Amino acid sequence: MAPSTLTKSIDRKRKRDGAEGSGNTERRSEEENFKQKVLLLSSRGVSHRMRHLMADIGTLLPHSKKDAKLDSKHQLYMVNELADLSSCNNALFFEARRRNDIYLWAAKTPNGPSIRFHLLNTHTMDELKMTGNCLKGSRPIVVFDQAFDESAHLRIIKEVLMQIFAVPRTARKAKPFVDHITSFSIADGKIWFRSFQIIDSPAPSVIDPIQAAEEATAAAIAEGISTKSSRSKASGGPRMTLSEIGPRFVLVPIKIFEGSFGGATLYANKEFVPPSQVYTAQKNERALKYQTKKADTLQNKARREEIKEESRRTGRPEQLEKRSIFA
């Protein structure tokens, strides 16, 4: 090979290697710059159940960072400043109302959008005592129901929840394992949260090959299949099963805002009834029942007074006296 040709080929190879190296460097820098961190905090007045639920969610999210309780419930824009100080671009804020009503804010800070949920049917890991277990800090497979793609507001909810609950590969506390599933499903207009462990159970042929072959042969004879194909099915790979870990809770979407903890309303759930209205209706019902009972008591008392006055005027014994009733 001529020296000029050799020099040209070496130059081309260097350029190609340099381009590939720069591409890998840019890709690596993009992955390093892609960071998802979640700020986890609550307001004053949350119950012990909510504190345990926050601890469980923090365990499932190794890229989360806890903060102290927020004193003010009317200045929620302060959460954006706290997230900025903690280098977080997502926020989960538990807002307590009337001690028993809990609202969950899921927001992309600082520009939005943000979603306000009503939190129902909460069950913690310690309360459920499920058999499932997973490695602390492992990354989950986030699964969404197909119904999330049917409407625009559900697609927004799906995107926000996915960016919050999907643990990035570059998270500092994340382990390089995927051994559990985080599931979001829709039923009755509500979002149901579940967490499952992925269990790889060995094939029956590995546990007891003779018994597995006999069962497969008997099933094949009953179905009219050749024994050769049945044995090949019996010696299959491992079986995957799911075991629930916890926690459990239900989310009722109330409003979607354009900004983070405020802004224009993109979606409002018209079917949502605030718990305060439910409590007011129950209180009015109890008050009406008490008023009816009180009116009946006063009416009976007035009737007795009329009977006594009539018996005193006529001189005849009262109709409700024992000697008149049990004569």
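**Getting to know this predicted model**

Reader: What is the relative accessible area of Met130?
Author: Met130 counts as partly exposed, because that label covers what falls between buried (under 20% relative accessible area) and exposed (over 50%), with a 1.4 Å probe and protein chains only. Its relative accessible area is 29%.

Reader: Before we go on, what kind of model is this?
Author: Residues are numbered from 1 along each chain as its sequence is written, and side-chain values use heavy atoms, with hydrogens and water left out. Local features need pLDDT of at least 70 and side-chain atom pairs count only at pLDDT 80 or more, while totals for chains, interfaces and linings use all residues, since the model is predicted.

Reader: Back to Met130, then: which elements flank its loop?
Author: Helices (H or I, at least four residues) and strands (E, at least two) are DSSP runs, numbered from the N terminus. The C-alpha atom of Met130 is 9.8 Å from that of Phe196, 66 residues away along the chain. As for the loop holding Met130, it runs between α4 (125-128) and β6 (138-144).

Reader: And how far apart are the C-alpha atoms of Ala147 and Ala187?
Author: Ala147 belongs to the loop between β6 and α5, and it counts as buried at 18% relative accessibility. Along the chain, Ala147 and Ala187 are 40 residues apart. Their C-alpha atoms are separated by 9.4 Å.

Reader: How many aromatic pairs does the structure hold?
Author: Rings of Phe, Tyr and Trp (its six-membered ring) pair up if their centres lie within 6.5 Å; planes under 30 degrees apart are stacked, over 60 edge-to-face, and the rest tilted. By that rule, the count of aromatic pairs is nine.

Reader: What is the angle between the ring planes of Phe144 and Phe148?
Author: These two rings make an aromatic pair with 5.3 Å from centre to centre. Both Phe144 and Phe148 are buried. The pair is edge-to-face, with its planes at 85 degrees.

Reader: Why is the pair of Phe193 and Phe249 called stacked?
Author: The ring centres are 4.4 Å apart and the planes sit at 10 degrees, so this pair is stacked. It links distant parts of the chain, 56 residues apart, with Phe193 in strand β8 (residues 190-201) and Phe249 in strand β10 (residues 248-259). Phe193 counts as buried at 1% relative accessibility, and Phe249 does at 2%. The value behind the label is the angle between the planes, 10 degrees.

Reader: Which residues form one aromatic cluster?
Author: The pairs we just visited both belong to it. The full list of members is Phe144, Phe148, Phe165, Phe184, Phe193 and Phe249.

Reader: Which ring does the charged end of Arg116 sit over?
Author: A charge sits over a ring if NZ of Lys or CZ of Arg is within 6 Å of the ring centre and within 35 degrees of the ring normal. Here the charged end of Arg116 is 4.2 Å from the ring centre, and the ring is that of Tyr103.

Reader: Which element gives the most residues to the largest nonpolar core?
Author: A nonpolar core is a set of buried Ala, Val, Leu, Ile, Met, Phe, Trp, Tyr and Cys residues joined through side-chain atoms within 4.5 Å. The largest one has 32 residues, of which Ile57, Leu92, Phe94, Ile157 and Phe165 touch the most other members. Elements giving two or more residues include β1 (38-42), β3 (90-97) and α5 (152-165). With six residues, the top giver is α5.

Reader: What is omega for the cis peptide bond between Gly112 and Pro113?
Author: Most peptide bonds are trans. A cis bond joins Thr109 and Pro110, with omega about 0 degrees, and Pro110 lies in the loop between β4 and β5. Pro113 is in the loop between β4 and β5 too, and for the cis bond joining Gly112 and Pro113, omega is about 5 degrees.

Reader: What is the phi of Phe261?
Author: Phe261 is in the loop between β10 and β11 (262-268), and at 10% relative accessibility it counts as buried. Its phi is positive although the residue is not glycine, near 60 degrees.

Reader: What is the volume of the largest pocket?
Author: On a 1 Å grid over the protein atoms alone, a pocket is an open set of points where a 1.4 Å probe fits, with protein on both sides within 12 Å along at least five of seven lines; lining residues have an atom within 4 Å of a point. Grid points are joined across faces, edges and corners, and a volume is the space filled by probe spheres set on the points. Among the residues lining the largest pocket are Lys35, His63 and Arg172. Its volume is about 270 Å³.
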